[in-house]
Amino acid sequence: MSTDTRRAIERAARDSYGRLVTFLAARSRDIAAAEDALADAFRAALETWPRDGLPGRPEAWLLTAARRRLIDRARHIQVQAEAVPDLRIVAEEAEALAEADRFPDERLKLLFVCAHPAIDPAIHTPLMLQTVLGLDAARIASAFLVSPAAMGQRLSRAKAKIRDAGIGFELPEARELPPRLDAVLEAIYAAYGSGWDDVAGADPRRRGLAAEAIDLGRMLRPLLPAEPEVEGLLALMLHCEARREARRGPDGGYVPLSEQDTVRWSAPMIAEAERILSAAAQDKRFGRFQLEAAIQSVHAQRARTGRTDWEAIALLYEGLVRLAPTIGARVGQAAAVAEARDAAAGWALLQAIPAEAVAGYQPYWALAAHLLRRLGQSADAAYERAIGLCEDPAMRAFLLRRRDRA
């Protein structure tokens, strides 16, 4: 298979997966069957496209192949007679839309379906990450600190619940949206984080995830105009995305935020993030994502002032930890306090985090190594832990250089 063909398939998988599986699931009312049909379609593409050449409209080709497999599956398992008309409607609509090379984007609909109150709240966000954003169970399991087998079983049960309970594939009424919003925001942010963590853009499964998450954030904003946390999340992602190009040097190496060339930051994206964050602040209901966006906003000011106001960042982290004391927030607070005050104060905050909570959390060990070295103590063990937990080659090379620096 040529490189161009493989890249085309990877691009179609990343760009189209959420919209295709949502379209199929909304009409078959069976998420697992839609996922299986789409997976078969991608497998068929891997066999067919290298031989016959790339189709002019890859999404249309995949949609047609997937709807055929849905029908074949239905015939194979001898679905109940009343389901046959629905499946025929799916096939006819899919074929018509494929010919027109367009189909509706219903990803938000499926996100809110996955957050239905009848489904275990603990599985809401993982379910969205898999069904709408295409992350595999193993990666989701790693993020939620459970085994891939256990996560796979939970996801399968949730999909069966949606199918068997007859949960409608429709956006909830306006009054039902806010209770489901937190899980939706978490899923979008987790997707963005997965794409952001791939510094080199080497993982085809994660390539494009950050852009897709921002796209979903933009779609969510007009749906819930009275929710400032929606604006906070979008502003946060835009601030981070504005610095994407500066994260790698000319040689492809990782460049930490404090050493990035601000000329390479996207000024238009920063300006947009600032406008959105300012609009969110007008509501005077501050939440986690607004605070995280505010932290990134302070970092962004370095492009204008040439300095970072670490004391302001430390104070924002203090508020964030009070509101949402996640491990990431606590590690971020320790880093900010170390910069604003001294390494000892940052180290004290880092040491206050329970050891069992950070055993596999790579940013903790990277910061621990940095602070131990600043304190004049041995940092070798912490560096080894941070390097061992690091999945990104560029980040690993950066830590190796830091470790070996005299």
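**Note on salt bridges and a helix pair**

1. Glu173 counts as partly exposed, at 48% relative accessibility. Exposed would need over 50%. The model is predicted, so this value and those below are read from predicted coordinates.

2. Glu173 has a charged partner. Its side chain meets that of Arg175 in a salt bridge, at 3.3 Å from N to O. Arg175 counts as exposed, with a relative accessibility of 61%. The two ends of this bridge therefore fall in separate classes: Arg175 exposed, Glu173 partly exposed.

3. How many salt bridges does the structure hold? The count is 23. Side chains of opposite charge can pair when their charged atoms come close. Two bridges that span the sequence follow.

4. Glu272 pairs with Arg218 in a salt bridge, where the closest N and O atoms are 2.5 Å apart. This links distant parts of the chain: Glu272 sits in helix H12 and Arg218 in helix H10 (residues 209–223), 54 residues apart. Arg218 is partly exposed, with a relative accessible area of 36%.

5. Arg402 and Glu259 form another salt bridge, with 3.1 Å between the closest N and O atoms. Arg402 belongs to helix H20 (residues 393–404), while Glu259 is in the loop between helix H11 (228–241) and H12, so the bridge ties together parts that are 143 residues apart in sequence. Is Arg402 buried or exposed? Arg402 is buried, at 17% relative accessible area, because the cut-off for buried is under 20%. Its partner Glu259 is partly exposed, at 47%.

6. Some salt bridges share partners. In this way Asp30, Arg163 and Asp164 are joined into one network.

7. Now the helix pair. Helix H12 (residues 267–281) and helix H13 (residues 288–300) have axes that come within 11 Å and cross at roughly 140°. H12 and H13 are therefore oblique to each other. Roughly antiparallel would take an angle over 145 degrees. The crossing of H12 and H13 is left-handed.

8. Which residues make the contact between H12 and H13? From H12 come Ile270, Glu274, Leu277, Ala280 and Ala281. From H13 come Gln290, Ala293, Ala294, Ser297 and Ala300. By class, this contact has seven nonpolar residues, two polar and one charged.

9. H12 thus appears twice in this note: the helix carries Glu272, the partner of Arg218 in H10, and H12 also crosses H13.

Note on methods. Residues are numbered from 1 along each chain as its sequence is written. This is a predicted model: local features need pLDDT of at least 70, side-chain atom pairs count only at pLDDT 80 or more; totals for chains, interfaces and linings use all residues. Side-chain values use heavy atoms; hydrogens and water are left out. Axes are lines fitted to C-alpha atoms, for helices over the stretch in contact, and angles run from 0 to 180 degrees between N-to-C directions. Helices (H or I, at least four residues) and strands (E, at least two) are DSSP runs, numbered from the N terminus. Angles under 35 degrees count as roughly parallel, over 145 as roughly antiparallel, 65 to 115 as roughly perpendicular and the rest as oblique. A crossing is left-handed if the near helix is turned anticlockwise from the far one by less than a right angle, and right-handed if clockwise. Contact means heavy atoms within 4.5 Å. Ala, Val, Leu, Ile, Met, Phe, Trp, Tyr, Cys and Pro count as nonpolar, Asp, Glu, Lys and Arg as charged, and the others, Gly among them, as polar. A salt bridge is a side-chain nitrogen of Lys or Arg within 4 Å of a carboxyl oxygen of Asp or Glu. Buried means under 20% relative accessible area, exposed over 50%, partly exposed in between (1.4 Å probe, protein chains only).
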